[in-house]
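Student: Could you take me closely through one part of this model, the salt bridges made by a single helix and the burial of the side chains involved?

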Amino acid sequence: MAEAPPQAIVRSLVPARIDRLPWSRFHTRMILALGVAWVLDGLEIQIASIIGPVLQHTNTLHLSSQDVGFSATIYLIGEVVGALVFGRLSDRFGRRKLFVATLGLYLVANGLTAFSFNYGIFLFFRFVAGMGIGGEYAAIHSAIDELIPAKYRGRVDLAVSGTYWFGAILGSLSEYVLLNHSVFGDNIGWRVGFFIGPVLGLAIWTLRRTLPESPRWQLSHGQADEAEATIAQIEREVESSGKELTPVAEDRYLEIKPQESVSFLQVAKILFKQYPTRSLLGATLMISQSFLYNAIFFTYGLVLKHFYGVSDHSVATYFFAFAAGNLLGPLFLGRLFDTIGRKQMIASTYILSGGLLAFSGYLFKIGALTATSQTVLWTVIFFIASAAASSGYLTVSEIFPMELRSQAIALFFAIAQVFGALGPTVFGSLIGDQDHPNPGRLFIAYLISAGIMIVAGVIAAIFGVKAEGASLEDIAAPISSIRSAAGSVSEKLESGTGSSSIPSVT
């Protein structure tokens, strides 16, 4: 489709029409189709974790422990590369094209991983599968935020992010089949494991292809007629489900001048020059939650084994409670981010989870815990921390201009992954070996993670954005914005109205 001439000014009510929609079957279908990205990532990482020891057998790929660990690193590197590459493409070519393409890439790469006959091929397909999932993050969060009505955006985004743990639970349950020698041999079970995600993804991929492009993206790229047609189609589907649509006031219009794609240099300039405090906020939230999760998630088995004598087989049992807390947190607390408010809830969940982690670390240090009570505390902590972590993704997906939303998500995701990778290293070195575990040193590690979370919460309390119930265009005016709602963006800034708005970049 041809874009409008660079100088053409478009005036539209499309964003306001999206935000006034009631919840309908369309939104449920969209969440089912797009939210699977997080389920697949949780499933993938858990499957890779449980089959790692199997890949060391002589009748499989005969890998060393270092080889298994490096394959996980390669997958994470693939996620970072995929997020950066496909995030840019999503901003340039559209959300729909990318969320169809990235899922397709994952399906193919992961399926082919099952046919790996040597370590090099295995690494290659793990990297490509990681790229697909990384690209999903950028395109999916952009599409969800741009299509979900403002009053539901917070709870939906948090719930979708939390489904990572549903995937992790599915992956962990598959252990009882994949590693059951009466069902599969060593060299078959691990290969079957890599088909679980593609089978689930294939069913969703068909549904995903029926979703429309983001009307907001179409509008920003000069496709005004297409945007009008898309929102009209969505409205018809909403009305067909028995919902009544309220009229949209004419003064809710947005006036923009479509422009060319934003370069990486422009993205960096806009984020760190025009939005320095928001960039600090986004980076801090993402880095802190990534460090905490990678530190605890990749070492909880070592803690249970070295300090509480839990057997390797029994560790999975404790994992289910840990994962359940992570899954339920965003589902139960998500609504509060739309009602009480983003700033209050983000700050409180980060600070509270950090404080509880420090307290549990102290109880651990003085020997007051058992494997069961330690797991109960972790479950409570991560019930809260999971909502906090999910709100980090929500924050970076809604506080920057529409034209660079996917790239902003990708950038902060990449930064978080790099710093998060330090977590397991720090915790692993402080746990000590099995013969000489050192609770005092691990207590220091818990305090480090707790301190990072608390600092992030304080920064959220100071620089947080009151985005609850607000249109994305009011939270961060599009770069191409000329005039919206009660007047020009610059007029709003000068008059002191629209407190959550930021002037457009020219």
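Tutor: Arginine 208 is buried, with a relative accessible area of 0%, where buried means under 20% relative accessible area, exposed over 50%, and partly exposed in between, using a 1.4 Å probe and protein chains only. The model is a predicted one, in which local features need pLDDT of at least 70 and side-chain atom pairs count only at pLDDT 80 or more, while totals for chains, interfaces and linings use all residues. Side-chain values use heavy atoms, with hydrogens and water left out, and residues are numbered from 1 along each chain as its sequence is written.

The partner of arginine 208 is glutamate 136, and the closest N and O atoms of this salt bridge are 2.7 Å apart; the term stands for a side-chain nitrogen of Lys or Arg within 4 Å of a carboxyl oxygen of Asp or Glu. Glutamate 136 lies in helix H6 and arginine 208 in helix H10 (residues 186-208), so that the pair links distant parts of the chain, 72 residues apart; helices (H or I, at least four residues) and strands (E, at least two) are DSSP runs, numbered from the N terminus. Glutamate 136 is likewise buried, with a relative accessible area of 0%.

Helix H6 also carries glutamate 146, whose side chain meets that of arginine 405 in a salt bridge with an N to O distance of 2.7 Å. Because arginine 405 lies in helix H19 (residues 405-420) and glutamate 146 in helix H6, this pair ties together parts that are 259 residues apart in sequence. Glutamate 146 counts as buried at 0% relative accessibility, and arginine 405 is buried too, with a relative accessible area of 1%.

A further contact of this kind joins the side chains of arginine 126 and glutamate 44, at 3.0 Å from N to O. Here arginine 126 belongs to helix H6 (residues 119-147) and glutamate 44 to helix H3 (residues 36-51), which places the two partners 82 residues apart in distant parts of the chain. Both arginine 126 and glutamate 44 are buried.

For the wider setting, a search of the whole structure finds 15 salt bridges. Elsewhere, Arg153, Arg155, Asp338, Arg342 and Glu398 are linked by salt bridges into a network.
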